[in-house]
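Me: I'm new to reading structures, and I'd like a close look at a single part of this one. Please start at one residue, then follow the strand beside it and show me how that part connects with what lies around it.

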Amino acid sequence: MLLLTGKQAKVNDDYTQSKIGIPGLVLMERAALCIAERIENLIKEDKDRFFRRRVKVIAVAGMGNNGGDAVAAARILCRREIDASLILVGNTEKATDSMKQQLKVAGNLCVETECSFVPDGDKNKLDAFRSAVEAADIIIDGLFGVGLSRDLSKEYCDIVEIINSTNAYKIAVDIPSGIDCDNGNIRGGAVKCDETVTFGFMKYGLVVNDGRNYAGKVTVSEIGLEVSPEGYDDDDISFRAIPEKRLKLLLPSRNPNSNKGTYGKVLVVAGNEEIYGAAYLSAAAAYKTGSGLVKIFTSEVNKDNLMSMLPEAMISCYKTGDELSDEEAEQLRSAIKWADVIAVGPGLGTGKKSKEILKEVVSAGKQGKCLVIDADAINICSAVLENGMTGLDLLRKASESYDGNVVITPHMAEMARLVRAAEIESRAAEEVMHRTVDGAKNDASSGDSVKAVNAMSMQDTVRAIAMDRGAAALDIAQNFRITVVLKDARTHIASYNNNREVYVNLTGNSGMSKGGSGDVLTGILAAVLAGINRTGKVGAGYFTQTVAAGVMLHGAAGDIARDAKGEYGMLATDIIDALGKVL
């Protein structure tokens with residue numbers, strides 16, 4: 001399922017009109033009809049809210065085509081004997097041609113205009129506007145559309161504030177006014193809608209950041225828009241979501257003529273002397289997702305607890321201490337050879353022995369196996385020393401050993417550390433180049449690059465990533481030849497070998513924002529990858545889609561756990577328990 005940016009929506013709109021030959025006014029009429037019919041149904045369905053015999057609908061229309069949709073919708077409602085009128089905001093002489101045509105038709109059919117004004121801060125105009133919208137039961141928001149590319153002026157922010165202050169039910173045309181379609185951020189101010197009727201395709205800005213909250217319930221209505229086969233610019237990201245009907249096709253199927261080896265073998269390298277819960281959560285999730293065999297490599301301190309909590313799992317242990325012995329290293333290599341998928345990192349720690357364990361995992365891989373790197377293993381990879389050296393070579397080595405079948409699952413802070421480490425490496429390389437060119441000593445150990453990056457706080461880095469999660473995930477994926485699962489309220493999945501497509505997960509809820517949820521995801525991903533690995537379906541696109549399906553499964557289980565326990569009370573173990581119901 002496509003999630004279009006504003007630019008991509010315009011490309012498809014232009015293609016549909018210029019190449020397919022459907023006139024813009026026809027598309028506008030279809031869009032208006034979808035809005036009008038939704039309002040008709042809403043009035044019939046919600047008797048508690050719309051108990052009045054005569055419901056008042058007001059279309060607040062700007063001068064763009066978005067406003068034309070709103071005007072046409074009000075006109076259709078009038079013809080269906082619903083009390084609908086207009087408020088025109090802006091200079092009608094500067095309206096688009098389609099908007100002017102819709103105003104002409106509305107005028108010919110005597111659609112009432114409550115007020116028409118150019119926002120300039122005039123208090124009398126704002127008072128008249130407030131008086132008109134406060135009389136509405138339903139407001140059609142048609143001020144701005146997906147093409148908004150600048151912050152709203154104070155005058156328009158005042159209008160938005162007045163709309164938001166009313167008790168009216170608010171329906172957005174295509175996207176709430178003031179929401180940036182490219183990132184879901186608020187451009188100065190935005191109309192907070194109860195629902196949105198969007199056209200042709202879901203818009204990316206409706207499912208991320210503030211757009212997710214301001215859009216309300218979203219309905220995608222078919223009006224005849226086509227996808228341009230010419231595509232978009234080379235640097236554009238194509239956002240997608242896995243449709244629910246495809247989830248079943250992507251997850252490993254069960255065969256009645258099978259055994260435990262059929263569904264893959266997962267090795268979970270997790271936990272240390274102080275933590276065993278993370279290892280349990282990942283291993284249990286892998287089993288609950290359908291993995292045939294699960295082995296845990298962990299500290300000997302955890303053995304008894306894990307055996308009692310998850311007797312189905314095999315346990316392989318290392319002893320306490322700072323050094324990984326030759327015997328322990330061989331034991332780990334043997335387990336890696338046995339496994340189809342290795343998951344490393346949950347509760348592993350970042351000490352000396354943990355680093356040695358990760359190095360063994362990274363080096364012992366081979367083509368045909370998959371690796372999931374999470375939590376402390378990510379932090380080891382992104383560690384930065386004072387001399388500017390980083391652990392990012394571990395990611396490069398992992399990609400080489402596992403032939404690109406590597407998934408990392410950072411949350412936003414872990415992603416920020418990776419981005420900062422990559423920036424430090426890049427700056428250090430530039431320092432070496434400049435010193436070599438200048439004939440100076442080739443020495444990048446001064447730490448200048450570290451100081452330069454440290455000038456930006458972690459919070460600033462996280463905020464920068466949040467402005468464009470897709471690009472951040474894609475950059476790391478392509479730079480290290482891996483697949484990135486950037487965990488957040490809307491998780492983004494990017495892969496080095498999937499062109500510039502980024503998947504966005506639309507399942508999940510705030511109750512999953514608790515310790516252990518990420519460990520469960522690691523186990524789920526290991527299990528679904530083990531399933532496709534055994535079937536020989538590890539192709540570039542299939543691999544990435546399967547990872548996205550695993551993330552979707554995790555969120556869907558979280559939604560069932562929420563329904564059973566509530567967002568406040570649900571735990572990571574509740575997500576595991578819900579997996580069987582989803583599957």
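Reply: Let's begin at E273, which is found in the loop between β11 (265–269) and α9 (277–288). Please keep in mind that this is a predicted model.

How open to the outside is E273? With a relative accessible area of 33%, E273 counts as partly exposed. It also has company: E273, E274, E300 and D322 gather in a patch of negative charge on the surface. A residue needs over 30% relative accessible area to be part of such a patch, and E273 has 33%.

Now step back from the loop into the strand before it, β11. Is β11 buried or exposed? Five of its five residues are buried, so the strand is largely enclosed by the rest of the structure. To be called buried, a residue must have under 20% relative accessible area, so E273, at 33%, does not fall in that class.

The side chains of β11 are a nice pattern to trace on your screen. In a regular strand the side chains alternate between the two faces of the sheet. In β11, K265, L267 and V269 point one way, while V266 and V268 point the other way. Whichever way they point, all of these residues are buried.

Which strand is joined to β11 by five bridges? The partner is strand β12 (residues 293–299), and the two run parallel. You can find one matched pair there: V269 of β11 has F297 of β12 as its bridge partner.

This pair belongs to a wider sheet. It is an open sheet of 12 strands with mixed pairing, and the order is β8-β1-β10-β19-β18-β17-β16-β15-β14-β11-β12-β13. Which strands stand at the edges? They are β8 (202–203) and β13 (314–318), and each has a single partner strand, so one side of each is left without a neighbour in the sheet. In the order of strands, β11 is placed between β14 and β12.

Elsewhere in the sheet you can find antiparallel neighbours. Four bridges join strand β17 (residues 483–486) to β18, and these two strands run antiparallel. Here V484 stands opposite A494 in β18. If you look at this pair and then at β11 with β12, you will have seen an antiparallel pairing and a parallel one.

Follow the chain on from β18 and you come to a loop worth a pause. N499 is in the loop between β18 (492–495) and β19 (501–504). Most residues other than glycine have a negative phi, and most peptide bonds are trans. N499, however, has a positive phi near 55 degrees. At 62% relative accessibility, N499 counts as exposed.

A second residue of this kind is C110, in the loop between α4 (97–108) and β4 (113–117). C110 is not a glycine, yet its phi is positive, about 60 degrees. C110 is exposed too, with a relative accessible area of 68%.

Back at the edge of the sheet, the loop between β8 and α7 (209–214) holds V208. V208 is buried, with a relative accessible area of 1%. The C-alpha atoms of V208 and G107 are separated by 38 Å, and these residues are 101 residues apart along the chain.

Since we began with charges, let's finish with some that are paired. How many salt bridges does the structure hold? There are 31. One of them links the side chains of K123 and D127 (3.0 Å, N to O). These two are four residues apart in helix α5 (residues 123–133), so about one helical turn separates them. K123 is exposed at 60% relative accessibility, while D127 is partly exposed at 30%.

Helix α6 (residues 154–165) holds D158 and K154, also four residues apart, about one turn of the helix. Their side chains meet in a salt bridge (3.2 Å, N to O). Here D158 is buried at 18%, whereas K154 is exposed at 59%.

In a further salt bridge, the side chains of D180 and R187 meet (2.8 Å, N to O). D180 is buried, at 7%, and R187 is buried as well, at 18%. Salt bridges that share partners also join R38, E45 and E195 into one network.

Technical notes: Residues numbered from 1 in each chain as written. Predicted model: local features only at pLDDT ≥ 70, side-chain atom pairs only at ≥ 80, totals over all residues. Heavy atoms only, no water. Buried < 20%, exposed > 50% of the residue type's maximum accessible area, 1.4 Å probe, protein only. Patch = residues over 30% accessible without salt bridge, like charges linked within 9 Å, V, L, I, M, F, W, Y side chains within 5 Å. Areas by Shrake-Rupley, 256 points an atom, 1.4 Å probe, with all protein chains shown as cover. Salt bridge = Lys/Arg side-chain N within 4 Å of Asp/Glu carboxyl O. Lys, Arg positive; Asp, Glu negative; His and termini not counted. Charge placed at Lys NZ, Arg CZ, Asp CG, Glu CD. Pairing = 2+ DSSP bridges.
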